[in-house]
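Subject: The structure, and what turned up in it

Hello,

Here is the structure for you to look through. Please open it first, then read my notes beside it.

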Amino acid sequence: MGERLGPRKLLDKSIWFGAWRDLITQISNEEREALYSRFSTDILDQGEQQRVVSVLVSVMDSAFATRVLARACEIRARLSLLPGHDQTKWNLFRQVEGLLRAISPAMLLDGISEKLEKEPDVVELDILTDTLPATSVSKPDVWSSISEDMRLKLRAYLKRAAKLGADPDGLRASTRAHLAQLLANVGEREDLKDIRRLIEADSVRFEKAQAARRRGDRSHDETGYGFLYLEAVTVLDPAEADSVILELIRSQQYEHVLSQRLPLLARKNTGQTGFGTNRMDFKKIWKSRAGEPDESFVEERRSRFAEAICEQINQIKTEREPATDKRRFDYRLKILGGALAALDGKRSAKLILDLMELPGNWDGWTRVGAIESLLGWGVRLSLEGALRILDPVLQ
């Protein structure tokens with residue numbers, strides 16, 4: 001069937017490739033090599049990229065997959081990390097990387113099996129951790145896609161890589177974060193130690209970048225990867241995740257991440273909330289005011305998280321006191337105040353209201369969210385007090 005259809009008809013748009021791509025099971029070696037040669041050297045338009053990837057994946061094997069990875073590494077090694085540099089080469093790399101992502105993890109790892117027994121190459125590690133699906137809504141993750149023997153081999157390789165990542169300058173920040181995710185996917189509970197070392201190294205990296213920025217140097221990677229690390233910790237060992245999370249609350253890098261995630265992590269697992277169901281629950285408000293307890297939280301986690309947030313808020317307030325410019329402290333306090341409102345609105349209402357009155361820009365959602373959370377806890381708010389918080393948003 002593949003020969004009769006002819007890959008050229010698909011590639012020159014003679015027929016719509018979508019209905020036929022799964023029926024292409026073979027093309028001649030000469031056609032495959034010509035197709036891949038053009039794909040790996042010339043930048044194609046988006047539609048043609050999809051058609052070529054479709055054909056090449058249909059005739060992929062482990063040896064061919066190894067070549068694709070080698071080509072991606074070859075291009076990537078010559079690229080500059082500076083913004084705006086080598087844009088044409090970056091486009092070619094992303095094109096080849098797109099083919100790499102379409103290859104099944106089992107086939108790719110089978111092709112590079114010998115490499116997994118050696119010390120990781122930094123460029124190769126960067127590409128593998130970014131392309132292998134540790135979490136994906138569109139394809140199976142690595143664990144479910146490979147054999148147990150291959151999982152153990154990959155795990156050992158990643159643990160060796162984690163030793164490189166434990167040095168704040170040993171890996172790129174994004175590589176370190178994706179490494180943590182992939183190790184969490186194929187690893188075991190004892191590997192939490194490796195992920196904690198990766199988190200510590202990234203915290204050092206982030207603090208250096210922030211210090212450089214305050215000196216006017218913006219050449220460092222200032223990206224925060226908190227969501228990826230938090231996901232890695234909670235996936236690998238949910239039972240021990242709380243102790244790590246309590247440590248992360250004390251890190252400025254994770255304040256914004258945890259303000260969004262802690263209320264969710266503290267709730268009982270009652271299934272996925274449907275779209276549009278997060279409206280104000282007036283029955284809950286009246287029940288709370290009548291003294292009925294909120295049964296939606298795991299109480300031990302809720303109270304531990306709330307207490308840790310209060311401690312961090314007090315620490316930031318102490319640092320804020322002597323500062324001439326208090327704006328960055330006010331922003332942090334408000335972010336944590338929003339999380340505290342969701343976790344401990346009734347007991348901490350006065351503190352939360354004080355924090356929400358701090359001046360700030362672009363903080364409307366935080367202010368409104370805190371008011372909604374307090375109402376959900378049954379807190380009675382005066383009109384005057386609510387307007388002091390909401391007036392800057394309305395204006």
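Below is what was found, topic by topic.

**How far to trust it**

This is a predicted model. The protein chain has an average pLDDT of 87, and 89% of the residues score at least 70. Confidence varies from element to element. Helix α10 (residues 148-165) has the highest mean pLDDT, 97, and helix α1 (residues 2-5) has the lowest, 46. For residues 1-5 the pLDDT is below 50, and this stretch has 12 contacts in the model beyond near neighbours in sequence. A second stretch, residues 13-21, also stays under 50. The model gives residues 13-21 16 contacts beyond four places in sequence. Where pLDDT is low, the predicted coordinates should not be read in detail.

**The overall picture**

How many helices and strands does the protein chain have? There are 21 helices and 0 strands. The chain has 395 residues, and 46% of them count as buried. It exposes about 21400 Å². Carbon and sulfur atoms supply 52% of that area. Now take contacts between residues at least 6 apart in sequence. Of these, 71% join residues at least 24 apart.

**The core**

In soluble globular proteins, nonpolar side chains tend to be buried together. Here, the largest nonpolar core has 101 residues. V68, L109, L154, L158, I195, L262 and I309 have the most contacts inside it. Helix α11 (residues 173-186) gives this core its largest share, 8 residues.

Which residues does I195 touch, beyond four places in sequence? The list is A180, L183, A184, A232, V233 and L236.

**An enclosed helix**

Look next at helix α8 (residues 122-131). Of its 10 residues, 7 are buried, so the helix is largely enclosed by the rest of the structure. The buried ones are E124, L125, D126, I127, L128, T129 and T131. What do they pack against? They pack against α5, α6, α7 (105-111), α10 and α11.

**Cysteines**

The structure holds 0 disulfides. A disulfide is a covalent bond between the sulfur atoms of two cysteines. Are C73 and C310 buried or exposed? C73 has 12% relative accessibility, so it counts as buried, the cut-off being under 20%. C310 is at 15%, so it counts as buried too.

**Salt bridges**

A search of the whole structure finds 43 salt bridges. Here are some to look up.

- R32 and D61: their side chains meet at 3.7 Å, N to O. This pair links distant parts of the chain, 29 residues apart. R32 sits in helix α3 (residues 29-39), and D61 sits in the loop between α4 (46-58) and α5 (62-77). R32 is buried, at 14% relative accessibility. D61 is partly exposed, at 35%.
- R78 and E74: the closest N and O atoms are 3.6 Å apart. R78 counts as exposed because its relative accessibility is 51%, and the cut-off for exposed is over 50%. E74 is partly exposed, at 40%.
- E97 and R101: the closest N and O atoms are 3.6 Å apart. Both residues lie in helix α6 (residues 87-102). They are 4 residues apart, about one turn of the helix. E97 is buried, at 5% relative accessibility. R101 is partly exposed, at 34%.

Salt bridges also link up into a network. Its members are E148, R151, R155, K159, E188, E190, D191, D194 and R197.

**One more arginine**

R289 is found in helix α16 (residues 282-289). Its relative accessibility is 27%, so R289 counts as partly exposed. Which residues is R289 in contact with, leaving aside neighbours within four places in sequence? They are L375, G378, V379 and R380. R289 and R380 are 91 residues apart along the chain, and their C-alpha atoms are separated by 8.2 Å.

**Where to start**

Begin with helix α10, which has the highest mean pLDDT of the elements. Then find I195 and the residues it touches, such as A180 and L236. Finish with R32 and D61, the salt bridge that links distant parts of the chain.

Best wishes

Definitions and conventions. Residues are numbered from 1 along each chain as its sequence is written. This is a predicted model: local features need pLDDT of at least 70, side-chain atom pairs count only at pLDDT 80 or more; totals for chains, interfaces and linings use all residues. Side-chain values use heavy atoms; hydrogens and water are left out. A disulfide is a pair of cysteine sulfur atoms within 2.5 Å. Buried means under 20% relative accessible area, exposed over 50%, partly exposed in between (1.4 Å probe, protein chains only). A nonpolar core is a set of buried Ala, Val, Leu, Ile, Met, Phe, Trp, Tyr and Cys residues joined through side-chain atoms within 4.5 Å. Helices (H or I, at least four residues) and strands (E, at least two) are DSSP runs, numbered from the N terminus. Contact means heavy atoms within 4.5 Å. Accessible areas come from the Shrake-Rupley method with a 1.4 Å probe; for residues, only the protein chains shown count as cover. A salt bridge is a side-chain nitrogen of Lys or Arg within 4 Å of a carboxyl oxygen of Asp or Glu. pLDDT is the predictor's confidence in each residue, from 0 to 100.
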